[in-house]
Amino acid sequence: MRGLIPERFIEELLTRVDIVEVIERRVPLKKAGREWTACCPFHNERSPSFYVSPSKQFYHCFGCGAHGSALKFLMEYERLEFPDAVEELAKTVGLSVPREGGQQAPREDRSDSYALLDEAAGWYQQQLGKDNEAQAYCRQRGLDPDIIARFRIGWAPAGFDGLSRAIGRQQARRLELLNETGMLGSDEQGRRYDRFRQRLMFPIMDRRGRVIAFGGRLTGSEQGPKYLNSPETPLFHKGRELFALWQVKQANPRLERVVVVEGYMDVIAMHQAGLPIAVATLGTATTPEHTELLFRATADVVFCFDGDRAGRAAAWKALESTLPRLRDGRQAFFLFLPDGEDPDSLIRKEGRDGFEQRIRQAMPLSDYLFGELARDVDTSSLDGRARLAERARPLLARLPDGAFRDLMADELERRSGARSQFNADPGPAPRPRVEAQRTLVRSVIALLLAQPEVASELQPPYAFAQLQLRGIGLLLELLQLARDRPGVHAALLIEHFAERPEYEALQRLMTVTLVGEPEAQRQELHDALGRLEHQAHLQRRHELQARLGSLDEAEKEELRRLLPLREQLRGYADA
């Protein structure tokens, strides 16, 4: 359901946005005649089968069948719900999304939860200014006012209910929202208390800059874990979010690389040093969702870990999550720090330039993978090389098909002498391509979607309107829509049917004519319309001939006009 967003606004939005610009911000496109192409972002492939049409404002992959408008692309690529995709697109063209009443059931509204968490972040910020201990810790860590403001760093004071009293205001609904968003805990007796106490507070933001959770860090010798994160909530899933990705994107319109570090303070130290390219996972190992999120932001990802056993275990987890997403053009690197050091301490010692040099010298994934696999293997022996090959094959099989996978197979052969024979990890099966049966009416609809301006050249009533063929009603509706909206493009025509059963069928028909010469398609449409008109004449002639004995004079004259020329001449001769 589309919730309460007016249909007229969606039409205006799709009229203003350019699908090529929307997709090119996320997927590198190349010009191919009138269209743009790329390797499909929704499945692994070697050669481009993903096409974007600027004239039709529509994309289609001829490999896996993915297709749709700019809105559909955002929903699939960014994993957004429809209202969120609308808001994301609207922001790019400076529009505000209106809401309206109606009989439609709105989607679950989380705006109160977002607003409450934003209010909580503001309250924590106020408390930081009031607490000498917290301010002393910030000075000790070298945090300047700008970085504190940029990350909205705050302080959760001691006490069991400071936030509850300030934000909950003893109102049942607000207290319930605080509980739902993970800001409260409860004891064995069911009594609720503030989850975060005596901690430096770091708001966690989603891709739209909204506060969705918090991380809290102890600053002294207090009891408890050094870092405490919000629990999983309807707004926050730690395996799908990265701390500071919002700030990174704000600071880097054209992001060349991202560095993944382990702690909040490491992230902030890098940003403050003039390296606003650092993010961190949120108390969990790197997940496949994390790596996909990273590679959507940039082509180069550097994983930065401590060089101890725990750091290397975390790095290996990151490698396993990264392998299936290393399509051609993407690169992963691994940077291991000296014992007892972290990014924060190294930047203090070596400065920005020194740490940046370490990033540039990070180990490529290929070297790290083969180095780890050969760590306890004697590659000078036949048995050792065989062991290396057996360890590597299942990992290399997870790489997407492409040049990098081929080169990794060559490298394994060079190191082990064994030629790799493996199949790429198939991942989710690509969606089957369902070709609609191409009846004449379907062909006309597909061609009309390609050339909607032709509708203005046709004058109703249409001779084929009375044809008893499936799809005629839909064709007539499309013609009227196209006439009522001069200059409308195909994606907008289709979007009109988004809440109707015909939507998917129209999207499939759109893919039939996505690529092609406009003049040739225009002529083909006129020819197909001529055939429809001929069918309408045949149908009417058969109807009249079936009632030959009861026709009035007007119907007899109509029948004479519909008869082939030789039969008309025979009729005049008989007369």
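This briefing walks through the salt bridges, nonpolar cores, strands and cysteines of the structure above. The model is a predicted one, and the residues are numbered from 1 along the chain. Two separate nonpolar cores come up below, one with 94 residues and a second with 72. There are also 32 salt bridges to sample from, while the count of disulfides is 0.

**Salt bridges across the chain**

- Welcome to the charged pairs: Arg-208 and Glu-87 form a salt bridge, and their closest N and O atoms are 2.0 Å apart. This pair links distant parts of the chain, 121 residues apart, with Arg-208 in the loop between strand E9 (199–205) and strand E10 (211–217) and Glu-87 in helix H4 (residues 82–92).
- Arg-208 is buried, at a relative accessible area of 18%, whereas Glu-87 is partly exposed, with 23% relative accessibility.
- A salt bridge also forms between Arg-174 and Glu-119, where the closest N and O atoms are 2.8 Å apart. Here two helices are linked: Arg-174 belongs to helix H9 (residues 172–180) and Glu-119 to helix H5 (residues 111–130), 55 residues apart.
- Arg-174 counts as buried at 15% relative accessibility, and Glu-119 counts as partly exposed at 26%.
- Arg-330 and Glu-292 meet through their side chains in a salt bridge, at 3.8 Å from N to O. Arg-330 sits in the loop between helix H13 (309–322) and strand E15 (331–337), and Glu-292 sits in helix H12 (residues 288–297), so the pair ties together parts 38 residues apart in sequence.
- Both Arg-330 and Glu-292 are buried. They also belong to one network with Arg-296 and Arg-325, joined by salt bridges that share partners.

**Nonpolar cores**

- In soluble globular proteins, nonpolar side chains tend to be buried together.
- The largest nonpolar core of this model holds 94 residues, and the ones with the most contacts inside it are Tyr-124, Phe-214, Phe-243, Met-270 and Phe-355. Helix H5 supplies the largest share of this core, 8 residues.
- Phe-355 is a good residue to click on: setting aside neighbours within four places in sequence, its contacts include Met-270, Leu-275, Cys-304, Leu-335 and Leu-337. Pro-343, Leu-346, Ile-347 and Glu-350 are also among the residues in contact with Phe-355.
- A second, separate core has 72 residues, including Cys-61, Leu-80, Ala-85 and Ala-528.

**An open sheet with a helix on it**

- Five strands make an open sheet in the order E13-E12-E14-E15-E16, and their pairing is mixed.
- Strand E13 (278–280) and strand E16 (363–364) stand at the edges with a single partner strand each, so one side of each has no neighbour in the sheet.
- E15 and E16 run antiparallel and are joined by 2 bridges. Phe-334 has Met-363 in E16 as its bridge partner.
- Helix H12 packs on this sheet, touching strand E12 (257–261), E13, strand E14 (300–306) and E15. The direction of H12 makes about 130° with that of E14.

**Strand E4 and its two hairpins**

- Strand E4 (residues 58–61) is covered on both faces: Phe-58 and His-60 are buried on one side, and Tyr-59 and Cys-61 are buried on the other.
- Strand E3 (residues 50–53) pairs with E4 in the antiparallel sense over 4 bridges, and Val-52 stands opposite Tyr-59.
- The hairpin of E3 and E4 has 4 residues between its strands, and Gln-57 takes a positive phi near 55° there.
- E4 also pairs with strand E5 (residues 67–68), again in the antiparallel sense, over 2 bridges. In that pairing, Tyr-59 stands opposite Gly-68.
- Between the strands of the E4 and E5 hairpin there are 5 residues, and Gly-65 takes a positive phi near 90°.

**Cysteines without a disulfide**

- A disulfide is a covalent bond between the sulfur atoms of two cysteines.
- The model has 0 disulfides, and Cys-40 has the sulfur of Cys-61 as its nearest cysteine sulfur, 3.6 Å away.
- Why is the sulfur of Cys-61 not in a bond with that of Cys-40? The 3.6 Å between them is too far for a bond, because a disulfide needs the two sulfur atoms within 2.5 Å.
- Cys-40 is buried at 0% relative accessibility, and Cys-61 is buried with a relative accessible area of 0%.

Technical notes:
This is a predicted model: local features need pLDDT of at least 70, side-chain atom pairs count only at pLDDT 80 or more; totals for chains, interfaces and linings use all residues. Side-chain values use heavy atoms; hydrogens and water are left out. A salt bridge is a side-chain nitrogen of Lys or Arg within 4 Å of a carboxyl oxygen of Asp or Glu. Buried means under 20% relative accessible area, exposed over 50%, partly exposed in between (1.4 Å probe, protein chains only). A nonpolar core is a set of buried Ala, Val, Leu, Ile, Met, Phe, Trp, Tyr and Cys residues joined through side-chain atoms within 4.5 Å. Contact means heavy atoms within 4.5 Å. Two strands pair if DSSP finds at least two bridges between them. Axes are lines fitted to C-alpha atoms, for helices over the stretch in contact, and angles run from 0 to 180 degrees between N-to-C directions.
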